[in-house]
Amino acid sequence: MKRQVSYQWRLREKMAAAGMFTTSELASPLAERGITLSLSQVHRLVTGTPERLSLPVLAALCDIFDCTPTDLIATKAENAVIRKVATGDAVVDLSAVRPQRARIQPEG
């Protein structure tokens, strides 16, 4: 059985709970912990959902907000919906289900 895994990035919620409402407010606490990101990188980190995240950045964010990675990344796993496919060895006669083609008879 296949599983579908998804996640939700909750950095913005953590920032709001800490009283940080602009992305630029996060740049200096990151720099204090040795993480130097440009303001555009910080903006993308806050407003987007990162597909890749370095462990030093994650550790710095956890230190800034006094939380664990689980608080920043909410994960969800569900059983994937399996598409139904036709099974069996029965042969279907398509001519029985196809409409008859219209044939124009020449006038004679």
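Leucine 72 is found in helix H5, and this residue makes a useful starting point for a walk through the structure, which is a predicted model. Is leucine 72 buried or exposed? Leucine 72 is buried, with a relative accessible area of 0%. If we leave aside the residues up to four places away in sequence, leucine 72 touches Gln8, Trp9, Arg10, Leu11 and Lys14, and also Leu58, Leu61, Cys62 and Cys67. Another residue to look for here is glutamate 13, which stands 59 residues from leucine 72 along the chain, although the C-alpha atoms of the two are separated by 8.6 Å.

Helix H5 also holds proline 69, and a student who compares the two residues will see that proline 69 is partly exposed, with a relative accessible area of 40%, whereas leucine 72 is buried. Not counting its neighbours within four places in sequence, proline 69 is in contact with Leu58 and Cys62. Across the model, the C-alpha atoms of proline 69 and threonine 36 are separated by 20 Å, and these two residues are 33 places apart along the chain.

From here we can turn to the nonpolar core. In soluble globular proteins, nonpolar side chains tend to be buried together. In this model the largest nonpolar core has 20 residues, and those with the most contacts inside it are Leu11, Met15, Leu26, Leu30, Leu61, Phe65 and Leu72. Helices H1, H2, H3 and H4 each supply at least two residues of this core. Which helix gives the most to this core? The answer is H4, with 7 residues.

Helix H4 therefore deserves a closer look, since it gives the most to the core, and a residue counts as buried when its relative accessible area is under 20%. The helix runs over residues 55-65, and its buried residues are Val57, Leu58, Ala60, Leu61, Cys62, Ile64 and Phe65. What covers these buried residues includes strand S1 (3-9), helix H1 (11-17), helix H2 (27-32), helix H3 (39-47), helix H5 (69-72) and strand S2 (73-79). Just after H4 comes aspartate 66, which has its place in the loop between H4 and H5. The phi angle of aspartate 66 is near 50°, a positive value in a residue other than glycine. Aspartate 66 is exposed, with a relative accessible area of 71%.

Two cysteines can be considered next. Cysteine 62, one of the buried residues of H4, has a relative accessible area of 9%, and cysteine 67 also counts as buried, at 12% relative accessibility. Why is cysteine 62 not bonded to the closest cysteine sulfur? The sulfur of cysteine 62 is 4.5 Å from the closest cysteine sulfur, which is in cysteine 67, and this is too far for a bond, because a disulfide requires a pair of cysteine sulfur atoms within 2.5 Å. Cysteine 67 is accordingly in no disulfide, and by this rule the count for the model comes to 0 disulfides.

We can now follow the loops that join some of the helices. Threonine 23 lies in the loop between H1 and H2, and at 19% relative accessibility threonine 23 counts as buried. Not counting residues up to four places away in sequence, threonine 23 touches Met15, Val42, His43, Val46 and Thr47. Arginine 52 lies in the loop between H3 and H4, and this residue is exposed, with a relative accessible area of 72%. The C-alpha atoms of arginine 52 and isoleucine 73, which are 21 residues apart along the chain, are separated by 12 Å.

Arginine 52 leads us to the last feature, a pocket. Rolling a probe the size of a water molecule over the atoms shows where empty space is left. The largest pocket has a volume of about 180 Å³. Which residues line the largest pocket? The lining is made by Leu37, Gln41, Arg44, Leu45, Pro50, Arg52, Leu53 and Val57, and by class it has 5 nonpolar, 1 polar and 2 charged residues. The largest share of this lining, 3 residues, comes from H3. Val57, which helps to line the pocket, is also one of the buried residues of H4, so a reader tracing this residue meets both the pocket and the helix.

Conventions: Residues are numbered from 1 along each chain as its sequence is written. This is a predicted model: local features need pLDDT of at least 70, side-chain atom pairs count only at pLDDT 80 or more; totals for chains, interfaces and linings use all residues. Side-chain values use heavy atoms; hydrogens and water are left out. Buried means under 20% relative accessible area, exposed over 50%, partly exposed in between (1.4 Å probe, protein chains only). Helices (H or I, at least four residues) and strands (E, at least two) are DSSP runs, numbered from the N terminus. Contact means heavy atoms within 4.5 Å. On a 1 Å grid over the protein atoms alone, a cavity is a set of points where a 1.4 Å probe fits but cannot get out, and a pocket is an open set with protein on both sides within 12 Å along at least five of seven lines; lining residues have an atom within 4 Å of a point. Grid points are joined across faces, edges and corners, and a volume is the space filled by probe spheres set on the points. Ala, Val, Leu, Ile, Met, Phe, Trp, Tyr, Cys and Pro count as nonpolar, Asp, Glu, Lys and Arg as charged, and the others, Gly among them, as polar. A nonpolar core is a set of buried Ala, Val, Leu, Ile, Met, Phe, Trp, Tyr and Cys residues joined through side-chain atoms within 4.5 Å.
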